Amino acid sequence: MNQRGSYDIEGIELTDDSYVVEQSLVRNKYKAMDRAGNVVIRGKQKMFKLKEEFPFVDAAGNEVFTVKAGGMLDVAGNYVLSDARTGEELVILDNDYSIFQDTWKIRDARTEAKIAEINSQGALVTVARNVVPFGELIPHKYEITDVDGRHVGNIDGQLSLKDRYEITIDDASNVPKEAIIAAAMVIDAIQGN
């Protein structure tokens, strides 16, 4: 199994155990803030691309990593997180879409071994979000687990005019925080929330 250091992204170090991800009102543009309210990452979905693409920058505007879809217009597929400075592919966000449960796996880009999993909590809520008119207004709630199924943290959607998620990471010893924060933004954008 890879050590946490093998997923480090040059130019960014996330040390807090809680973050808030907030979407702008107009389009799929996001910011992640640390516990003190400081912006640590900004990301946005590039418009008019055949393959979904999300560049992420640090607080100073320097590009730190990119998430790109493996296929064209891919709602349930693979999204590769790459270090912007080295070009190295680090992790894959793999969506196993279901009407009953949203499941995202975080896998090692080199070995494709699972590192973590992000699962929606509550089948009734997931079904309602997918089939009930205005169901997308129901906030998402996810649990993050490691490769052995142990609890790592949560992504809790908040009822708000803008999509807003509180991310709590209780134990990320083998799970890259950058991938968790990127996943929260990508899940929101891809699933049209």
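## Salt bridges and a buried aspartate

Let's start with a pair from this predicted model: glutamate 53 and lysine 46 form a salt bridge, with their closest N and O atoms 3.6 Å apart. Glutamate 53 counts as buried, at 14% relative accessibility, while lysine 46 comes out as partly exposed at 33%. A search through the whole structure turns up eleven salt bridges, and two others are worth walking through here.

Take arginine 164 and glutamate 22, whose closest N and O atoms sit 2.5 Å apart in a salt bridge. Arginine 164 belongs to strand β12 (residues 164-169) and glutamate 22 to strand β1 (residues 18-23), so this pair ties together parts that are 142 residues apart in sequence. How exposed or buried are the two partners? Arginine 164 is partly exposed, with a relative accessible area of 26%, whereas glutamate 22 is buried, with a relative accessible area of 11%. There's a bit more to this corner of the model: Glu22, Lys31 and Arg164 are linked in a network of salt bridges.

Next up is glutamate 88, which forms a salt bridge with arginine 110, the closest N and O atoms being 2.8 Å apart. This one links distant parts of the chain, 22 residues apart: glutamate 88 is in the loop between β6 (78-83) and β7 (89-96), and arginine 110 is in the loop between β8 (103-108) and β9 (114-120). Glutamate 88 is partly exposed at 37% relative accessibility, and arginine 110 is likewise partly exposed, at 43%.

Here are the three pairs side by side.

| Acidic residue | Basic residue | Closest N and O atoms |
|---|---|---|
| Glutamate 53 | Lysine 46 | 3.6 Å |
| Glutamate 22 | Arginine 164 | 2.5 Å |
| Glutamate 88 | Arginine 110 | 2.8 Å |

Arginine 110 also leads us to another residue, aspartate 108. Where is aspartate 108 found? It's in strand β8, and aspartate 108 is buried, with a relative accessible area of 1%. Which backbone nitrogens lie 2.7 Å and 2.9 Å from a polar atom of the aspartate 108 side chain? The 2.7 Å one belongs to arginine 110, and the 2.9 Å one to threonine 111.

Put together, arginine 110 has a salt bridge to glutamate 88, and its backbone nitrogen lies 2.7 Å from a polar atom of the side chain of aspartate 108.

Terms used
Residues numbered from 1 in each chain as written. Predicted model: local features only at pLDDT ≥ 70, side-chain atom pairs only at ≥ 80, totals over all residues. Heavy atoms only, no water. Salt bridge = Lys/Arg side-chain N within 4 Å of Asp/Glu carboxyl O. Helix = DSSP H or I, 4+ residues; strand = E, 2+ residues; numbered from the N terminus. Buried < 20%, exposed > 50% of the residue type's maximum accessible area, 1.4 Å probe, protein only. Polar contact = N/O pair within 3.5 Å; in protein donor to acceptor, adjacent residues only side chain to side chain.
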